[in-house]
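Here's a friendly walk through a protein model, in questions and answers. Have a look at it first, and then we'll dig in.

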Amino acid sequence: MTHWTAEQIRQDVEAKNVHFIRLMFTDVNGQLKNVEIPISQLDKALDNKMMFDGSSIEGFVRIEESDMYLYPDLDTYLVLPWGRHDQKVALLICDIYLPNGKPFPGDPRGNLKRNMEAMHKAGFKDFMLGPEAEFFLFKLDENGDPTSEVNDHGGYFDLAPVDTGENCRRDIVLTLEELGFEIEASHHEGAIGQHEIDFKYSSVLHACDQIQIFKLIVRSVARQHNLHATFMPKPVFGIAGSGMHCNLSFFNDQGQNVFYDPNDSIELSQEARYFIAGILEHAKALTAIANPIVNSYKRLVPEYEAPVYIAWSSQNRSPLVRIPSSRGQSTRVELRSVDPSANPYLIMASLINVGLNAIDQKLDLVDPVDENIYAMDELAIAQAGIEKLPQTLAEALFHLEKDDIVKESLGEHIFENFLESKQMEYHDYEMQVTAWEIDHYLKQY
């Protein structure tokens, strides 16, 4: 991660012919927003004096209290690698502040930083995140609109010619590397038209910024290939959906991975066990944040590799939480339920707070489930005390409303606006008459 000063940014925009700056931020629903300014306004932006109307952004404020200020994080400065060479565009990710100079409590990025401050007070230096975001590529029609037709019929790790998205995926990787991403792997995923690009884990705030930029780059490069990239969790019936598995670990002030203990039977520290126990304890409420749209729950079903059951294991991939085999500094907890529609700042804030609470309370961890839960019958699952994740957004929101720890991680403003937005979304969904209903009932009844 490059550290920039204001003067270095001024010099760089001049050297690279940057003419426009995108001041970017994320709303409560995880959508990336931006205000684009000409380079003549750069000094004003660097002095934290750029103002915008917060009342027009989902989940922000009412119109009578709309003034907001964009405070750019200078370390997020990037020059986008496309456009005319003499009119380049750069970006800066911003935090949102009120006119009185205080952080806006409805800013998801600022809220993550608030939870990170609590983490520091608890004695941890950092929370590391390694995301694995999957996406689909669909063809565009003659008007440039997305179709429901995937652009290949490849499978897991396939090559061309069945993986015809290979060139697009390669260009995405090259663009990301040009922007400073350290790409570890890219490949075709298990479903037709589905792809995955993994980048190196990093500090949680930086990693969340990278997720948002990653989505922007994937969509932009796909469009250059006459394709539409979507992070919708389940765009196609009958095949696997897209997840965003999150690999997580706390680090201490000495730069050591707190989750590693060489003397433990599986080399997992007590703090790691508390952390897993916290995820399992709050899993139902966390699901509302990790899987925040109606379509998310079409992915969380048996037989398509997505987790359905609240359990953990170091040996198989069917439970909610898995412990990958790497140890030492790479010891991590993998949460498998998160999908790429999630607001990364909100789910990470929630996981930090849930983890800190579990460590403070020394929460007991249940025994691992090391057999394939999908192969167990319902009686065996019940006898093992294994519960299911919520099966609808409405159910997940019900559990979120009752969970004070997860609500605390969001803060009152974000919680209330997120809940209201999602309840309205689900209500609208419930009122729809779907093609499936027409096909099954119109002639029969």
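Q: By class, how many nonpolar, polar and charged residues does the lining of the largest cavity have?
A: Keep in mind that this is a predicted model. The largest cavity is lined by Ile279, Ala283, Leu286, Thr287, Ala290, Leu320, Leu335, Ser337 and Leu389. Sorting that lining by class gives 7 nonpolar, 2 polar and no charged residues.

Q: Which element gives the largest share of the lining of the largest cavity?
A: The space in question is about 50 Å³, and its lining includes Ala283, Leu286, Thr287 and Ala290. The largest share of the lining, 4 residues, comes from helix 7 (residues 283–290).

Q: What volume does the second largest cavity have?
A: The structure holds 2 cavities of 30 Å³ or more. Lining the second largest one are Val28, Asn29, Ile289, Pro292, Ser341, Ala342, Asn343, Leu346, Phe418 and Lys422. By class, that makes 6 nonpolar, 3 polar and 1 charged residues. As for the volume of the second largest cavity, the value is about 40 Å³.

Q: How many aromatic pairs are there, and is the pair of Phe124 and Phe250 stacked or edge-to-face?
A: The structure holds 19 aromatic pairs. In the pair of Phe124 and Phe250, the ring centres are 4.6 Å apart and the planes differ by 20°. Planes under 30 degrees apart count as stacked, so with its 20° this pair is stacked.

Q: How many residues apart are Phe124 and Phe250?
A: Phe124 is in the loop between helix 3 (108–121) and strand 7 (126–140), while Phe250 is in strand 13 (residues 244–251). The pair links distant parts of the chain, and the separation is 126 residues.

Q: Why does Phe124 count as buried, and what about Phe250?
A: The cut-off for buried is under 20% relative accessible area. Phe124 comes in at 10%, so it is buried. Phe250 counts as buried too, because its relative accessibility is 0%.

Q: Which residues do ring pairs link into a cluster?
A: Start from the stacked pair of Phe124 and Phe250. Ring pairs link these two with further phenylalanines into a cluster, and its members are Phe124, Phe127, Phe250, Phe259 and Phe275.

Q: Is the pair of Phe181 and Phe199 stacked or edge-to-face?
A: These rings are 5.2 Å apart, centre to centre, with 85° between the planes. Planes over 60 degrees apart count as edge-to-face. At 85°, then, the pair of Phe181 and Phe199 is edge-to-face.

Q: Which parts of the chain does the pair of Phe181 and Phe199 tie together?
A: Both Phe181 and Phe199 are buried. The pair ties together parts that are 18 residues apart in sequence, because Phe181 lies in the loop between helix 4 (166–178) and strand 9 (183–188) and Phe199 in strand 10 (residues 194–199).

Q: Which backbone nitrogen does the side chain of Thr76 reach?
A: Thr76 is found in the loop between strand 4 (67–72) and strand 5 (78–79). Its relative accessible area is 8%, so Thr76 is buried. At 2.8 Å, the side chain of Thr76 reaches the backbone nitrogen of Ile93.

Q: How far apart in space are Asn295 and Gly241, C-alpha to C-alpha?
A: Asn295 lies in the loop between helix 7 and helix 8 (296–299), and at 14% relative accessibility Asn295 counts as buried. In sequence, Asn295 and Gly241 are 54 residues apart. In space, C-alpha to C-alpha, the separation is 9.8 Å.

Methods. Residues numbered from 1 in each chain as written. Predicted model: local features only at pLDDT ≥ 70, side-chain atom pairs only at ≥ 80, totals over all residues. Heavy atoms only, no water. Phe/Tyr/Trp six-rings, centres within 6.5 Å; stacked < 30°, edge-to-face > 60°. Helix = DSSP H or I, 4+ residues; strand = E, 2+ residues; numbered from the N terminus. Buried < 20%, exposed > 50% of the residue type's maximum accessible area, 1.4 Å probe, protein only. 1 Å grid on protein atoms, 1.4 Å probe; cavity = no way out; pocket = protein on both sides within 12 Å on 5 of 7 lines; lining within 4 Å. Points joined across faces, edges and corners; volume = space filled by probe spheres on them. Nonpolar A, V, L, I, M, F, W, Y, C, P; charged D, E, K, R; others polar. Polar contact = N/O pair within 3.5 Å; in protein donor to acceptor, adjacent residues only side chain to side chain.
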